[in-house]
Amino acid sequence: MRVLFWGTPDFACPPLRALLGEGYDVVGVVTQPDKPQGRSRSVLVPSPVKVIAEEEGLPVLQPEKPRGDDFERALRSLAPDISVLVAYGHLLPTSVIDLPPLGTLNIHASLLPRWRGAAPIQAALLAGDADTGISIMRMVKRMDAGNVLLQVPTPILDDETYGELQLRLSELGALAIVEALTLLSLGPVTEVPQDEALVTFASKVEREQAQVDWTQDGHAVSRRIRAYDPRPGAFTTLRGLDVKLYGVRVSMDAHGEPGTVLGIDESGMLVACGAGGVRIAYVHPAGKRRLASLDWAQGRGIAVGDVLGTAA
């Protein structure tokens with residue numbers, strides 16, 4: 001089976017490596033253009049997927065947008081039987097989705113129809129979902145609305161962060177796409193339409209969503225901090241400056257005015273919430289490096305009794 005792979009970030013790397021490791025004929029990779037970095041924006045950095053593709057000697061396509069006659073001719077020249085897409089970063093036109101004879105499959109990090117959209121992992125953590133998983137879905141023009149070929153559920157662990165869950169789901173997606181392609185190679189696969197009545201959406205993460213509201217209870221505050229750990233980092237304010245928060249644990253026996261720092265020791269900074277509290281192990285104050293909460297206190301950046309800002 002000739003596979004055309006679409007992907008860009010680290011999340012897409014385990015599935016690509018899995019396809020190569022299982023002996024699939026990956027005929028090419030489509031990824032986003034190299035991104036300029038540095039103060040002068042003169043250094044171009046390739047995507048993690050491009051790095052793997054070049055290591056493996058695979059053809060790489062990097063269109064600004066995945067459309068147009070020239071681009072589609074380039075795709076046809078690779079003669080793929082099927083496309084596999086994971087975290088590519090652009091919506092595909094119908095002509096590109098339908099170009100391979102077997103169509104295009106998407107590796108999506110939720111149990112569809114729950115959490116269609118750009119940030120399903122963060123949404124599941126914020127909502128306090130007990131489980132999540134991977135869906136192998138047939139791509140259609142509507143976002144994440146195609147039939148599901150395979151789902152692999154997994155529980156969301158206590159205190160699991162976005163970064164930790166993302167890594168697990170990436171590895172699970174690698175196993176799931178190999179299984180789905182194996183099933184397709186054996187004959188027709190039953191495709192299950194999504195129940196539109198059960199659809200929920202996970203919108204792109206915006207800055208204001210990552211701001212902590214200390215009037216919420218400790219469990220809700222913990223979920224928000226974990227949902228944005230390590231990126232982009234949930235934040236609060238102190239004396240008008242942002243402070244990002246990491247390494248959170250719930251402490252429901254804490255009592256105090258929301259946002260008040262109740263204690264700081266080797267286990268972290270205890271902050272009161274609307275009910276209970278949370279203990280924060282690490283902070284990243286604006287203009288400084290990331291450091292342990294106790295180190296921040298010893299450097300006189302924070303003290304017991306200080307009140308952290310609340311969401312607007």
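# Notebook: helix packing, sheets and odd backbone angles

I started with helix H2 and looked up what covers its buried residues: the list includes strand E1 (2–7), helix H1 (13–21), strand E2 (25–30) and strand E5 (60–61). Note to self: this is a predicted model.

**Entry 1, H2.** Which residues of H2 are buried? For residues 48–55 I got Val-49, Lys-50, Ile-52 and Ala-53. Looking down the axis of H2, I found these buried residues within an arc of 160 degrees, so they line one face of the helix. I then checked the other side of H2, where Glu-54 and Glu-55 are exposed. I also stepped just past the end of H2 and found Gly-57 with a positive phi of about 70 degrees.

**Entry 2, H1 against H2.** I wanted the usual pair of numbers here, since two packed helices are described by the angle between their axes and the distance between the axes. The axes of H1 and H2 cross at roughly 20 degrees and come within 9 Å. Angles under 35 degrees count as roughly parallel, and H1 and H2 are therefore roughly parallel to each other. The handedness of the H1 and H2 crossing came out as right-handed. On the H1 side I listed Cys-13, Leu-16, Arg-17 and Leu-20 as making the contact, and on the H2 side Pro-48, Val-49, Ile-52 and Glu-55. Val-49 and Ile-52 are thus in my list of buried H2 residues and in the contact with H1.

**Entry 3, the open sheet.** Next I traced the sheet that holds E1, E2 and E5. I read off 7 strands in the order E5-E2-E1-E6-E7-E9-E10, in an open sheet with mixed pairing. What stands at the edges? E5 and strand E10 (148–155) do, each with a single partner strand, so one side of each is left without a neighbour in the sheet. I zoomed in on the E5 edge: E2 and E5 pair in the parallel sense over 2 bridges. There, Val-30 stands opposite Leu-61 in E5.

I also checked helix H6 (162–186) against this sheet. H6 lies across E1, strand E6 (82–86), E7, strand E9 (131–138) and E10, and I noted an angle of about 35 degrees between H6 and E9.

**Entry 4, Trp-115.** I put Trp-115 in the loop between strand E7 (104–108) and strand E8 (116–117). Buried or exposed? Trp-115 has a relative accessible area of 12%; under 20% counts as buried, so Trp-115 is buried. I then pulled its contacts, leaving aside neighbours within four places in sequence: among them are His-108, Ser-110, Pro-120, Asp-129, Thr-200 and Phe-201, along with several alanines including Ala-123 and Ala-202. The backbone caught my eye too, as Trp-115 has a positive phi of about 65 degrees without being a glycine. For context, most residues other than glycine have a negative phi. I also took a distance to Gly-309, 194 residues away along the chain from Trp-115: the two C-alpha atoms are 30 Å apart.

**Entry 5, H7 and the loop after it.** How many residues of helix H7 (218–227) are buried? I found 8 of the 10, so H7 is largely enclosed by the rest of the structure. The buried set is Gly-218, Ala-220, Val-221, Ser-222, Arg-224, Ile-225, Arg-226 and Ala-227. Covering these I found, among others, helix H5 (120–127), H6, E12, E13 and E16.

I followed the chain into the loop between H7 and E12, where Pro-230 lies, as does Pro-232. The Asp-229 to Pro-230 peptide bond is cis, with omega near 15 degrees. Arg-231 and Pro-232 are also joined by a cis peptide bond, with omega about 0 degrees. Most peptide bonds are trans.

**Entry 6, E12, E13 and E16.** I ended on the strands beyond that loop. Strand E12 (residues 234–238) and strand E13 (residues 241–251) pair antiparallel over 5 bridges, and I found Phe-235 bridged to Lys-244 in E13. The hairpin has 2 residues between the strands, and in it Arg-239 takes a positive phi near 50 degrees. At 60% relative accessibility, Arg-239 counts as exposed. On to the next pairing: E13 and strand E16 (residues 277–285) run antiparallel, joined by 8 bridges. In that pairing, I saw Val-243 opposite Pro-285 in E16.

Technical notes: Residues numbered from 1 in each chain as written. Predicted model: local features only at pLDDT ≥ 70, side-chain atom pairs only at ≥ 80, totals over all residues. Heavy atoms only, no water. Buried < 20%, exposed > 50% of the residue type's maximum accessible area, 1.4 Å probe, protein only. Arc of directions from axis to C-beta. Contact = heavy atoms within 4.5 Å. Pairing = 2+ DSSP bridges. Axes fitted to C-alpha atoms, helices over the stretch in contact; angles between N-to-C directions. Parallel < 35°, antiparallel > 145°, perpendicular 65-115°, else oblique. Left-handed = near helix turned anticlockwise from the far one by under 90°.
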